[in-house]
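This report describes selected features of a single protein chain. The sequence and the structure are shown first, and the account follows.

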Amino acid sequence: MIIDFQTAVKLIKKGDVVAFPTETVYGLGADANNIMAIKRTYELKGRPSDNPLIVHVSSISQAEDITRNLPDSFYKLAESFWPGPLTLIVEKDPSVPDIVTGGLSTVAVRMPNHPLALKLITQTGPLTAPSANKSGKPSPTKPEHLLQDYDDSLPILDGGNTTIGLESTILDLTSKKPEILRPGAISHVELSEALGEEILPFQEKKNHDSKPVKSPGTKYTHYKPDAEVKWIKKIPKSLENNALYVVYSQNEWPDVKNLISYKGNFSILAKDLYDIFRRADHLQYEKIYIEELPVLHEDTIIPALINRISKACTE
Ligand code: TXA
Ligand code: MG
């Protein structure tokens, strides 16, 4: 159900859950102090409650209220990238309910770069918000995706299509050296420049790694479309009819409905990716072939694309 701004504020204040837009993906927002509302978020999403939530703020002082011992690096990064697609893991204030952090002593904080989100949070106070998809679906990047996942009773603040399309970069500031836990639109190069120290690119961890998982969400199975997703080096001359092809190189591609060409525009591919996954299933394609991406770590969105697509490819 699409609702107006004032209704969204009212609903959140009375403990309801409201889907709202950010620049990355839609979030399922709840008052970060309301344990019942947060419980409802987990139920609605069908998400295990040991997987912590990001707290969304609209000011540094809100971030200071929910955290402790903020390091200098926090202020440097907030100054450079907030509002924006960067989530920072820092020490939590004891006042933050355990249900927000899955019992961890740290909390994930982010200031989203979306006028509606910022205005909303300014009026409601900090909001917990996981990506608004049902567990096992790709994150919603447009209101239609929310209508696919939920019945009409879910209140939705409509902000149109999200501009980035992949979830925020997560940077852990509580480890010895800041560590990227999830790649997103803010790259390790930009983070290194802002901090004046080298931040390593995100490293894909193997599932059988015996080290404890730092970002609990990464241990859960991720969305895989019903269609089988596969990287492909070279697009064959004759295309399979039951497969959707996603290509980026600048060749002359045949003008057919099962080939989508991005002509080197990785940001647009990122913006469309989850919609492509959903559409492929809707159109009952059996396979999605994605042209292997160049490993250009300098390009901000490529590691995030490789990460999300590789997850969709896993057995
Ligand atoms: O772009 C985004 O970040 C979107 C929008 C709505 O802001 N949100 C989002 O939330 O992607 P979610 O819940 O789908 O993913 C958050 C990730 C999860 O993998 C979770 O495990 C991790 O952040 N996380 C949350 N708190 C953490 C903490 N204290 N330490 C380590 N990882 C944490
Ligand atoms: Mg998510």
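Is Glu43 buried or exposed? Glu43 has a relative accessibility of 56%, and because the cut-off for exposed is over 50%, Glu43 counts as exposed. This value, like every other in this report, was computed from a predicted model.

**Salt bridges**

The side chain of Glu43 forms a salt bridge with that of Arg40, with an N to O distance of 3.6 Å. Both residues belong to helix H2, which spans residues 35-45, and they are 3 residues apart, about one turn of the helix. Arg40, at 40% relative accessibility, counts as partly exposed.

The pair of Glu43 and Arg40 belongs to a wider set, since a search of the whole structure gives 13 salt bridges. Three of these pairs are listed below, with the accessibility of each partner.

| Salt bridge | N to O distance | Relative accessibility, acidic residue | Relative accessibility, basic residue |
|---|---|---|---|
| Glu43 and Arg40 | 3.6 Å | Glu43, 56% | Arg40, 40% |
| Glu167 and Arg308 | 2.8 Å | Glu167, 10% | Arg308, 8% |
| Glu292 and Lys233 | 3.8 Å | Glu292, 33% | Lys233, 68% |

The side chains of Arg308 and Glu167 meet at 2.8 Å, N to O. This salt bridge links distant parts of the chain: Arg308 lies in helix H10 (residues 302-313), whereas Glu167 lies in the loop between strand S8 (156-157) and strand S9 (169-172), 141 residues apart. Arg308 is buried at 8%, and Glu167 is likewise buried at 10%.

Glu292 and Lys233 form a salt bridge of 3.8 Å, N to O. Here too distant parts of the chain are linked, with Glu292 in the loop between S14 and H10 and Lys233 in the loop between S11 and S12, 59 residues apart. Glu292 is partly exposed at 33%, while Lys233 is exposed at 68%.

In addition, a network of salt bridges links Lys142, Asp275 and Arg279.

**Strand S14 and its partners**

Strand S14 covers residues 287-291, of which 4 of the 5 are buried, so the strand is largely enclosed by the rest of the structure. S14 pairs in the parallel sense with strand S11 (residues 228-232) over 5 bridges. Within this pairing, Glu228 has Lys287 of S14 as its bridge partner. S14 also pairs in the parallel sense with strand S12 (residues 243-247), over 4 bridges. There, Val246 is matched with Ile290 of S14 as its bridge partner.

**Helix H6**

How are the buried residues of helix H6 placed around its axis? In this helix, residues 115-124, the buried positions are Ala117, Leu118, Leu120, Ile121 and Thr124. They cover an arc of only 165° around the axis, and therefore lie on the same side of H6. The face turned away from this buried side carries the exposed residues Pro115 and Thr122.

Which elements cover the buried residues of H6? Among them are helix H1 (5-13), helix H3 (60-65), strand S2 (18-20), strand S4 (54-56), strand S7 (127-128) and S8. Just after H6, Gly125 adopts a positive phi of about 90°.

Terms used
Residues are numbered from 1 along each chain as its sequence is written. Chains are lettered from A and ligands numbered from 1 in the order in which they are written. This is a predicted model: local features need pLDDT of at least 70, side-chain atom pairs count only at pLDDT 80 or more; totals for chains, interfaces and linings use all residues. Side-chain values use heavy atoms; hydrogens and water are left out. Buried means under 20% relative accessible area, exposed over 50%, partly exposed in between (1.4 Å probe, protein chains only). Helices (H or I, at least four residues) and strands (E, at least two) are DSSP runs, numbered from the N terminus. Two strands pair if DSSP finds at least two bridges between them. A salt bridge is a side-chain nitrogen of Lys or Arg within 4 Å of a carboxyl oxygen of Asp or Glu. The arc is that of the directions from the helix axis to the C-beta atoms. Contact means heavy atoms within 4.5 Å.
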